[in-house]
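Visitor: Let us look at this model together. I will ask, and you answer briefly.

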Amino acid sequence: MTPNINLTTNPIDAAELSFTDFKTIVMQDYKIAVESRQASLLGRKEVLSGKAKFGIFGDGKEIPQIAMAKAFKKGDWRSGYYRDQTFAFATGIATIKSFFAQLYANPDLEADPASAGRQMNCHFATRSINEDGSWKDLTQMKNSSADIAPTGAQMARLVGLAYASKLYRQNPELAYLKNFSVDGNEVAFGTIGNASTSEGVFFEAINAAGVLQIPMAVSVWDDGYGISVPAKYQTTKEDISEILKGFQRNDTQNGYEIFKVRGWDYPALCETYQKAIDVCRESHVPVLIHVTEVTQPQGHSTSGSHERYKDAARLTWEKEYDCILQMRKWMIESAIATEEEISLIENEAKAFVRNAQKEAWNEFLNAIKEDKKTAISLINAINEHDPDIQRITARLASTPDALRKDLLTAARKALRLSINNDSAERHALLTWVNAHMEENAERYNSKLFTDGKDTPFAVESAPVQYADDAKMIDGRELLNACFDANFGRDQRLVAFGEDLGNIGDVNQGFAGLQAKYGDLRVTDTGIREMTIVGQGIGLAMRGLRPIAEIQYLDYLLFALNILSDDLATLSYRTKAGQKAPVIVRTRGHRLEGVWHSGSPMGMILGSLRGLHVCVPRNMTQAAGMYNTLFRADEPALVIECLNGYRLKEKMPDNVGEFTVPLGKAEVLRSGTDVTLVCYGSTLRIVEEAVEELQKLNISVEVIDPQTLLPFDTDGLCAQSLQKTNKLLVVDEDVPGGASAYILQQIMEVQKGYYYLDSQPRTLTAKAHRPPYGSDGDYFTKPSVDDVVEAVYQMMHEYNAAKYPSIY
């Protein structure tokens with residue numbers, strides 16, 4: 001059996017190495033490069049033969065990635081993209097065999113530890129946490145944050161991964177976190193294709209790192225194209241390092257060190273990377289390594305051929321300046337190796353890769369073959385003489401590379417054909433199907449959250465406590481006291497965002513806390529929502545507890561790609577191999593005006609599965625949710641009520657200790673006629689309306705779900721419907737937004753439709769953003785009048801004699 005290991009590269013120190021040692025390292029590097037190229041070539045064939053769905057490979061970038069790997073040490077981090085396979089092989093982050101296992105989407109974690117078959121090939125990740133959710137010693141690992149495919153998006157989290165080193169180096173209070181850093185000496189390596197440097201998130205991240213002065217090393221693989229689009233349409237001056245020259249540091253101003261090196265020049269690449277990373281590691285200066293004249297021998301992906309858009313001259317040049325061919329020529333011309341020695345390496349590499357591929361494919365199929373035999377036997381047992389059953393098993397038996405879906409499709413069809421056959425054989429097949437549906441749910445649908453020992457659902461419940469003489473204070477003061485207590489308790493907490501540091505955020509929730517805890521823990525940022533969130537992700541992946549502030553809920557749109565593609569999917573796409581317990585803090589609802597009053601909750605609920613979404617109705621509830629989340633290890637979005645900061649609330653005695661559990665709805669007012677479900681600041685409108693409805697002899701039960709993800713896990717809404725039989729959902733999102741989600745949860749998940757005696761209703765905002773001014777708010781979002789009349793109309797339809805029509 002081919003061992004599931006790779007050669008790894010070693011640094012070159014010409015001052016200490018003998019020629020023999022030097023030759024050994026060079027020959028080993030060449031072997032890694034050739035193995036990686038063979039993996040690319042064979043991987044493409046496997047896709048085109050139908051064994052894999054899609055392939056994207058790192059051919060043409062082998063030599064620069066080996067040079068980069070030489071400077072990569074234990075404790076360092078990678079945040080790259082789907083061309084980095086050679087780097088992964090050269091550092092030991094991945095093996096040839098696991099590379100093919102991922103290509104075949106093998107759901108076995110042993111086979112594909114990066115993603116358990118959940119990501120397409122060349123998406124790498126190391127496993128940062130144990131099965132119980134506890135952290136491993138990340139200083140003893142070469143770490144790779146889990147890749148995502150959206151172009152450029154890896155740059156956002158890269159900022160946070162590098163920023164963590166700065167905090168660990170400059171904040172002595174973090175010295176006890178031995179598993180995460182050694183004096184902040186870790187470098188965060190980022191990689192990106194030259195075309196993706198046109199993305200806005202690239203410029204955000206580059207600017208942020210220059211401002212922060214963090215050990216971030218960005219390598220740009222420049223092959224002159226973005227799929228078929230040449231650099232002249234991508235980049236001003238067709239040269240990313242040329243246009244970034246203004247970022248170059250000088251004697252009086254901080255900035256970057258910028259390097260430029262050709263992608264086929266092995267000795268220059270090794271020298272450049274060693275020099276660049278030494279500066280980055282020792283001085284915490286960000287560096288950009290622009291690797292030019294890179295080739296892409298197989299084109300962009302298995303979806304097409306680059307011969308369609310590259311002319312003959314370009315194709316000829318690419319063949320001549322293929323980095324492996326150029327290294328081969330250099331080795332012979334420098335008398336490092338002979339033609340025979342190199343040919344031997346090449347032949348061994350081809351055989352090694354072919355064997356690894358065969359074993360990966362066979363291991364993938366062997367896990368299914370026994371199930372296939374069982375499925376055929378169970379289906380035949382129902383009625384082997386039935387021609388329809390015979391066709392099912394014959395088709396399945398004749399499928400040599402049957403997948404799990406083929407087995408279940410055949411079995412489920414047999415069950416449908418045998419509906420009227422109540423036999424022991426059919427029950428046996430049904431039992432088998434149910435068991436395999438459950439197994440495959442674990443394979444393909446599990447671990448949206450890490451569900452470890454520090455899940456928020458394991459946080460001990462602590463009720464809020466008040467002194468007899470508790471003061472009435474502004475909501476902002478209550479939040480401020482909550483943050484203060486927690487920052488004093490947990491040195492890992494850091495908070496950052498626009499206007500958060502010096503003035504304590506625009507609503508004063510952090511007032512005075514920068515002065516108390518220092519600007520490393522409470523700090524301002526520039527206007528860059530994508531990298532604010534990315535900063536949070538990277539810090540959280542390195543053991544810190546970040547609060548990433550997005551100033552207004554509307555501004556979440558500017559970071560939605562990073563929140564949705566990266567943070568929300570992190571646990572799922574690594575099958576709980578990595579976690580990032582970021583708390584994204586924002587505020588919204590009920591303010592007048594198009595730009596600061598959006599409530600895009602439907603968008604949030606649809607795109608952020610994998611985050612908890614908290615919608616506290618006041619600052620006391622918000623503080624309790626923060627207290628829960630600070631003690632847990634899962635990401636969350638907390639949306640504070642924008643119009644609640646100056647409303648008076650009682651000051652709790654245990655402001656930093658009491659907890660509000662996630663997913664627990666609360667009955668704010670008992671009633672018997674109508675169940676009204678609402679959340680956030682709109683509850684104030686509802687509570688005022690309910691007072692008037694009581695005078696009209698209508699008893700309304702008001703339920704605050706408190707969190708939308710998860711939603712009312714105890715089913716209080718359905719329990720309420722058992723006595724009221726009527727449901728109204730009030731929401732200030734657009735029609736069909738969060739209200740549709742809430743209805744689905746109550747009607748479908750909680751089976752609330754059983755208890756209805758009238759149509760469930762929603763009362764929402766209009767299908768546009770609210771115009772400016774109080775009148776705009778009144779005519780756009782649910783008002784007290786709207787709530788009163790919506791409930792009254794429901795009662796009129798139920799009993800017109802008792803409740804005559806208003807209009």
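Visitor: Which residue in E8 does Val218 stand opposite?

Guide: This is a predicted model, where local features need pLDDT of at least 70, side-chain atom pairs count only at pLDDT 80 or more, and totals for chains, interfaces and linings use all residues. Residues are numbered from 1 along each chain as its sequence is written, and side-chain values use heavy atoms, without hydrogens and water. Strands E4 (residues 216-221) and E8 (residues 287-292) run parallel, joined by five bridges; strands are DSSP runs of E, at least two residues, numbered from the N terminus, and two strands pair if DSSP finds at least two bridges between them. Opposite Val218 in E8 stands Leu288.

Visitor: In what order do the six strands form the open sheet?

Guide: The pairing is parallel. The edge strands, each pairing on one side only, are E2 (143-144) and E7 (257-262). The order is E2-E1-E3-E4-E8-E7.

Visitor: Why is the pair of Phe202 and Phe203 edge-to-face or stacked?

Guide: Rings of Phe, Tyr and Trp (its six-membered ring) pair if their centres lie within 6.5 Å; planes under 30 degrees apart count as stacked, over 60 as edge-to-face, the rest as tilted. Here the centres are 5.4 Å apart. The planes stand at 85°, so the pair is edge-to-face.

Visitor: Is Phe202 buried or exposed?

Guide: Buried means under 20% relative accessible area, exposed over 50%, partly exposed in between (1.4 Å probe, protein chains only). Phe203 has 35%, so Phe203 is partly exposed. Phe202 has 0%, so Phe202 is buried.

Notes. Helices (H or I, at least four residues) and strands (E, at least two) are DSSP runs, numbered from the N terminus.
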